[in-house]
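Colleague: Please take me through one part of this model in close detail. Then carry on to other parts, step by step.

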Amino acid sequence: MREETVKTDITVVGGGLSGVCAAISAARLGQTVALVHNRPVLGGNASSEVRVWVCGATAHGINRYARETGIMGELFLENQYQNPDGNPYIWDLVVLEAVKKETNIQLFLNTDVHEVEAEGGEDDRRIVSVTGWMMGSERSIRYESEVFLDCTGDGWIGFLAGAKYRIGREARSEFGEVWAPVVADEITLGSTILFYTKDVGHPVKYHPPSFAKDITTTSIPIKRVIRSGDSGCHYWWIEWGGELDTVHENERIRDELWSVIYGIWDYIKNSGNFEAQNMTLEWVGALPGKREYRRFEGDYILNQNDILAQTPFEDRVAFGGWSIDLHPPQGMYASESGSKHWHADGVYHIPFRSLYSVNVRNMLMAGRNISASHVAFGTTRVMATCAVIGEAAGAGAALCAQKGVSPRELYRGHMAELQQVLLRQDASLLGVANGDERDLARSATVTASSTLASLGVERAVEPRVLLDDVAVLFPVEPRLDGFELLVDAVERTTLCVELWDTGRAENYVPGRRVGAVEARVEAGRGQWVSFPLVWEPEAAKNAFVIVRANPAVTVYHADAPQTGAIAFVKGTPPVVSKDLEHHEPEQPVVLWSMKKGIDRKPICFRAVGRTDAYAAAHVTDGYLRPYGTMHVWLSEPMAAGREEWLELRWDQAQRVREIQVTFNDNVHEDLINLHAFRTQQEVMPELVRDYRLEAWVDGAWHTLRRVEGNRKRTRRLALDAAVETERLRLVVEATNGSPCAEVVEIRAYA
């Protein structure tokens with residue numbers, strides 16, 4: 001056996017998406033990182049060993065403008081390009097390559113940490129080192145660092161270090177959570193094993209193993225949805241173990257899940273109820289995907305009320321948006337729905353105080369083990385949210401290492417700096433503006449070759465009879481002078497529309513009614529009907545215009561999106577059985593749906609009056625995501641061969657060495673790693689494809705850098721040498737499909 005010692009600034013234990021993003025985040029900030037994982041592949045529950053879909057704040061398209069940015073966003077976009085078919089092994093490579101790109105990371109796979117050396121009293125512990133055994137290599141490796149991150153999911157490192165933690169459900173009285181039980185208990189969410197099937201084009205027989213369960217003797221065929229063509233995460237409900245200890249009885253849980261999977265396949269293949277003659281089992285997981293175990297206590301315990309109130313914590317460092325998603329303790333054998341969901345009206349915020357231990361001074365945590373109640377954990381546990389938490393925790397760890405402070409001291413004395421660091425990384429942080437004093441672009445005047453100054457969608461392609469209420473959402477900046485709608489009418493009738501604001505800047509549901517008007521519609525086709533809706537909000541806001549149902553009227557969808565404009569249909573039936581998932585239909589984000597294939601199909605309308613929603617000044621207004629308004633520059637539609645540009649101009653020459661540009665990648669569009677649904681675009685059309693950076697030197701424009709084939713959202717362009725200039729230009733030569741040049745932010749640094 002070889003004994004080794006590895007010394008780095010930071011040790012991250014756990015190579016799921018939270019650990020991967022934490023390690024990358026810290027490494028990019030200049031810290032040396034040891035990333036230690038006990039499996040042969042990275043990704044945790046998202047890896048090819050378990051194959052859970054990476055879900056997050058979009059909640060499968062329920063939340064708007066909610067897809068994660070930062071490191072998780074990079075992984076989504078890269079996977080979309082590299083892996084359009086959702087191959088789990090290619091996804092493994094996308095994650096692995098993201099880690100291997102970072103020269104500051106030392107990666108240790110197949111290394112199980114079994115020992116933690118910690119010192120200090122019960123209320124003030126400090127981790128000195130952790131030791132792992134690298135299986136198959138006979139290496140015992142001791143990791144020494146100033147800061148440690150527990151990203152193990154089960155909370156193994158913190159447990160060995162003496163960190164305070166909880167298991168199970170808190171009593172309702174502790175946080176006043178409506179969904180908490182009256183009496184606390186140790187019940188958790190159960191574990192799941194998935195399987196894949198394949199149609200091989202010829203008959204395949206199946207003889208179940210002796211341990212396969214006869215599921216007809218259970219409630220599963222009655223209470224769960226079984227279809228011959230489903231596989232993978234469609235069977236997330238094969239869940240069990242919530243009434244057991246999901247760690248210490250992991251093998252028992254695995255055996256029970258296996259018995260049910262092989263029994264379900266026997267039922268599909270041999271019951272005669274399904275068209276499955278040519279289908280075979282392609283893959284069955286061997287690792288239970290755990291949902292819940294230890295949750296550490298931090299300086300703040302996030303709870304149900306924070307989620308539903310969307311509490312805007314002053315120390316917010318990440319956001320989530322998945323519903324509070326809790327499952328019955330009996331799992332697949334329960335008589336009620338496999339899950340019940342409670343949605344906030346939009347995304348919610350996660351505080352930094354929930355990402356470090358209350359009593360282990362140099363330990364942060366990320367993933368499903370953060371400081372949250374069981375009910376709040378029901379939403380923070382999904383992997384894209386775990387990933388953005390990991391990025392925030394990794395950045396926090398890096399600053400702690402740089403400054404020689406504890407995470408608590410970082411919160412108390414350097415919170416604003418951490419938020420600014422995250423913003424520069426394009427992390428998933430909402431409602432905090434760029435205040436970086438080193439960013440030279442903040443003091444520049446911004447102009448553009450052109451700006452889209454009218455807002456409307458006119459290319460009618462797909463008719464929709466108004467059997468249900470529909471809605472159109474678009475930004476109002478600074479005012480709305482009227483609303484026009486393209487309709488057909490089979491008879492003379494009256495059409496009613498209502499104007500609502502959305503309440504909070506991060507919400508995209510009707511919040512407060514501003515006004516309502518009616519208009520007479522004559523029988524006929526292709527009419528633009530005018531509604532005198534006038535609104536001048538005190539700040540830029542989104543208008544949510546509801547068109548009330550009228551079966552005599554038809555509206556139209558377009559076949560291409562317009563940045564900032566999205567369509568909704570009220571009361572769209574759920575896509576899954578209530579036996580499987582129960583979503584309360586009256587919750588606003590459920591009531592007003594973008595599903596049923598209308599995500600990139602806005603309703604044809606015109607907003608009367610000039611709009612500043614796409615003004616060039618937005619690229620330095622401090623916001624990287626839609627928040628109240630779009631915070632993006634759009635040029636006019638680019639004619640063939642015509643370039644568009646943005647220019648930064650200063651009163652006096654600046655010394656510039658690095659430019660950072662964030663392009664629009666349409667965070668409204670839901671992406672998923674293993675493609676529960678197929679997104680047509682391998683590269684987001686809104687992204688700028690070809691561009692160049694120019695500086696005004698000696699009375700002429702000089703090209704500093706030219707890029708072709710871009711498919712990334714944020715590009716950091718370091719120049720070979722600093723340039724002295726009073727003017728910088730970003731020249732857009734071509735996009736990946738959008739008719740307009742679209743840019744979210746430009747930064748410049750000396």
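Modeller: Look just past helix α1: there sits G30, with a positive phi near 95°. Keep in mind that this model is predicted. Now step back into the helix. α1 covers residues 17–28, which makes 12 residues. At 1.5 Å a residue it should span 16 Å, and its end C-alpha atoms are 16 Å apart, so the two values agree. How much of α1 is buried? The count is 11 of its 12 residues. Among them are L17, V20, C21 and I24. S18 and S25 are buried too.

Next, strand β6. It runs over residues 126–134, and 7 of its 9 residues are buried. β6 has strand partners. Strand β5, residues 111–119, pairs with β6 in the antiparallel sense over 8 bridges. In that pairing, V113 has G132 of β6 as its bridge partner. The two strands form a hairpin with 6 residues between them. G120 lies in the turn, with a positive phi of about 105°.

Strand β7, residues 139–144, also runs antiparallel to β6, joined by 6 bridges. Here M134 stands opposite R139. This is a hairpin as well, with 4 residues between β6 and β7. In its turn, G136 has a positive phi of about 85°.

One residue of β6 deserves a pause: W133. Is W133 buried or partly exposed? Its relative accessibility is 31%, so W133 counts as partly exposed. With M1 and M135, W133 forms a nonpolar patch on the surface. Together the three have about 310 Å² of accessible area.

Now the charges. Side chains of opposite charge can pair when their charged atoms come close. The structure holds 69 salt bridges. One of them joins R368 and D154, with the closest N and O atoms 3.0 Å apart. This pair links distant parts of the chain, 214 residues apart. R368 is in the loop between β19 and α9, while D154 is in the loop between β8 and α4. Both residues are buried.

R408 and D299 meet in a salt bridge at 2.8 Å, N to O. R408 lies in helix α11 and D299 in the loop between β14 and α8, so the pair ties together parts 109 residues apart in sequence. R408 is partly exposed, at 26% relative accessible area. D299 is partly exposed as well, at 29%.

Last, R166 and E170 form a salt bridge, with the closest N and O atoms 3.4 Å apart. Both are buried. They belong to a network of salt bridges that also includes E174, E292, R295 and E297.

Definitions and conventions: Residues are numbered from 1 along each chain as its sequence is written. This is a predicted model: local features need pLDDT of at least 70, side-chain atom pairs count only at pLDDT 80 or more; totals for chains, interfaces and linings use all residues. Side-chain values use heavy atoms; hydrogens and water are left out. The expected span of a helix is 1.5 Å times one less than its number of residues. Buried means under 20% relative accessible area, exposed over 50%, partly exposed in between (1.4 Å probe, protein chains only). Two strands pair if DSSP finds at least two bridges between them. Patches are made of residues with over 30% relative accessible area and no salt bridge: like charges are joined within 9 Å, nonpolar side chains (Val, Leu, Ile, Met, Phe, Trp, Tyr) within 5 Å. Accessible areas come from the Shrake-Rupley method with a 1.4 Å probe; for residues, only the protein chains shown count as cover. A salt bridge is a side-chain nitrogen of Lys or Arg within 4 Å of a carboxyl oxygen of Asp or Glu.
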